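Work through the exercises below with the model open, and compare each of your readings with the worked solution that follows it.

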Amino acid sequence: MFCNKTKAPLSLLEQEEQPACSALVEAGLCFRLSRNISDLKVAWQSLAPKENKFLQYEYLQALEAHPPQGMGFCYLVFYRDKEAVGLAYYQTYYLDMQESVQKELEGEGLLGSLRKKLQQFFLRQAVFNVLICGNLSLTGEHGFYFKEGHGPKQLAWLQEATDRLQTELELSEQKKYQLQMFKDFALDGVTEQNLQPILQQEGYHRYRIQPGMYMRLPAHWDSFEDYLADMSSKYRVRAKRAAKKGKDLEWRALELEEILAQEKEIYALYRNISDNVDFNAYAFDEQYFSALKRELGEDMQLVACYLEGRLVAFYTAIFSGQTLEAHFLGLEHSLNRSHQLYLNILYALVRMGIYRKVEKIDFARTALEIKSSVGAVAQEFDCYLRHRNRLSSELMKLVFDHLSPKEDWTPRSPFKDMSIVE
């Protein structure tokens, strides 16, 4: 639905009262909203940045077709004089922290017992419907894009549109969304100085979870041997030892038909990982990986690992512009130590990145120390949370700070000169 410059933006529902002061109206903007990406296909495809695969129509269509249970989607396209000038991507999700926290709560002695009871209390309170600008399953800025850039004005437009979206969802669905989240702003001087005050003024709390792990690939790496040559002897020996332990493994990139034929086995390996992390808000369905391959083609690789003809591990990689995004993986835990499955997957991703001549590998979150041992460095991101009630918003900040997964780790420096990848 469109609007003119004299009227506040409309989307699914007509509202009788429009705000007296509107950043969107002042900018001459209106927006169109849909719960299905196909409704906005032409505008979305014309505007989505080509360098970000995770804002492209094909990826979003695959995710929408095979979402985690309980997840929904919203898409906004912003217009000025009927020209598409911006887009925003949202996920809606019912989050029950008590179900999502899978680690054993700590509690020994009197103080430990009190701590455990406090954790359990917080868990019981942390149940809400969440409206997320961004993507829960990814690391990085994948929530919005404007032709005019990424700054305070655009964030003010986005924040106003998000509030209106929440109101319309609550009216149409007859349920309350207790929590809003803006997910993953990369930390740099400009972002922190310009964006943080806007959101804090609107009652959002900054929240930081595990960093993302990234590795830049220098131009002189033409082969995996060049990568090894830049390592210190300790880490070069480690890489060769992992290769020796994995010498009986067979690695093969699968075509769509092969993924479909082994879908159940692939999914079982994926759940081996997803079901054993400390915090897991969601899990994808069995058809997710084949859907990605169908939509993304050669920009998505699923590489299977076989031992004596039996599937024992796999990893997925998505090529987004000049970045290789390490996506989800799976493996048999019983073979991980003896064949160094996980470490060999990390080296395989480096090898693939060098072969494909990408500029950067995004190793995502979790397993921070072992990823640093292959050359990845940490990149911090800020999330912003706001509860619909200001007092509850303060409580939710305490809940998330208390329950968020924290990983104690020591950054490793595998290269003789770490500046080559920083």
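**Exercise 1.** Determine which residues of α3 meet which residues of α12, and how the two helices are oriented.

*Solution.* In this predicted model, E58, Y59, Q61, A62 and L63 in α3 meet Y288, A291, L292, E295 and L296 in α12, where contact means heavy atoms within 4.5 Å. By class, these residues divide into 7 nonpolar, 1 polar and 2 charged (Ala, Val, Leu, Ile, Met, Phe, Trp, Tyr, Cys and Pro count as nonpolar, Asp, Glu, Lys and Arg as charged, and the others, Gly among them, as polar). Next, take the geometry: helix α3 (residues 57-65) and helix α12 (residues 288-296) pack at about 155 degrees with their axes 9 Å apart. Angles over 145 degrees count as roughly antiparallel, under 35 as roughly parallel, 65 to 115 as roughly perpendicular and the rest as oblique, and α3 and α12 are therefore roughly antiparallel.

**Exercise 2.** Determine how α9 and α14 are oriented to each other, and which residues meet.

*Solution.* Begin with the axes of helix α9 (residues 233-245) and helix α14 (residues 341-355), which come within 9 Å and cross at roughly 110 degrees; α9 and α14 are therefore roughly perpendicular to each other. Then list the residues: Y235, R238, A239, A242 and A243 in α9 meet L343, N344 and Y347 in α14, a contact with 6 nonpolar, 1 polar and 1 charged residues.

**Exercise 3.** Check the span of helix α6 against its number of residues.

*Solution.* At 1.5 Å a residue (the expected span being 1.5 Å times one less than the number of residues), the 22 residues of α6 (residues 152-173) should span 32 Å, and the end C-alpha atoms are 31 Å apart, which agrees. Just after α6, Q174 takes a positive phi of about 60 degrees.

**Exercise 4.** Establish where pLDDT stays under 50.

*Solution.* The mean pLDDT (the predictor's confidence in each residue, from 0 to 100) is 86, and 81% of the residues reach 70 or more. pLDDT stays under 50 over residues 1-18, for which the model has 43 contacts beyond four places in sequence.

*Conventions.* Residues are numbered from 1 along each chain as its sequence is written. In this predicted model, local features need pLDDT of at least 70, side-chain atom pairs count only at pLDDT 80 or more, and totals for chains, interfaces and linings use all residues, while side-chain values use heavy atoms, with hydrogens and water left out.

How values were computed
Axes are lines fitted to C-alpha atoms, for helices over the stretch in contact, and angles run from 0 to 180 degrees between N-to-C directions. Helices (H or I, at least four residues) and strands (E, at least two) are DSSP runs, numbered from the N terminus.
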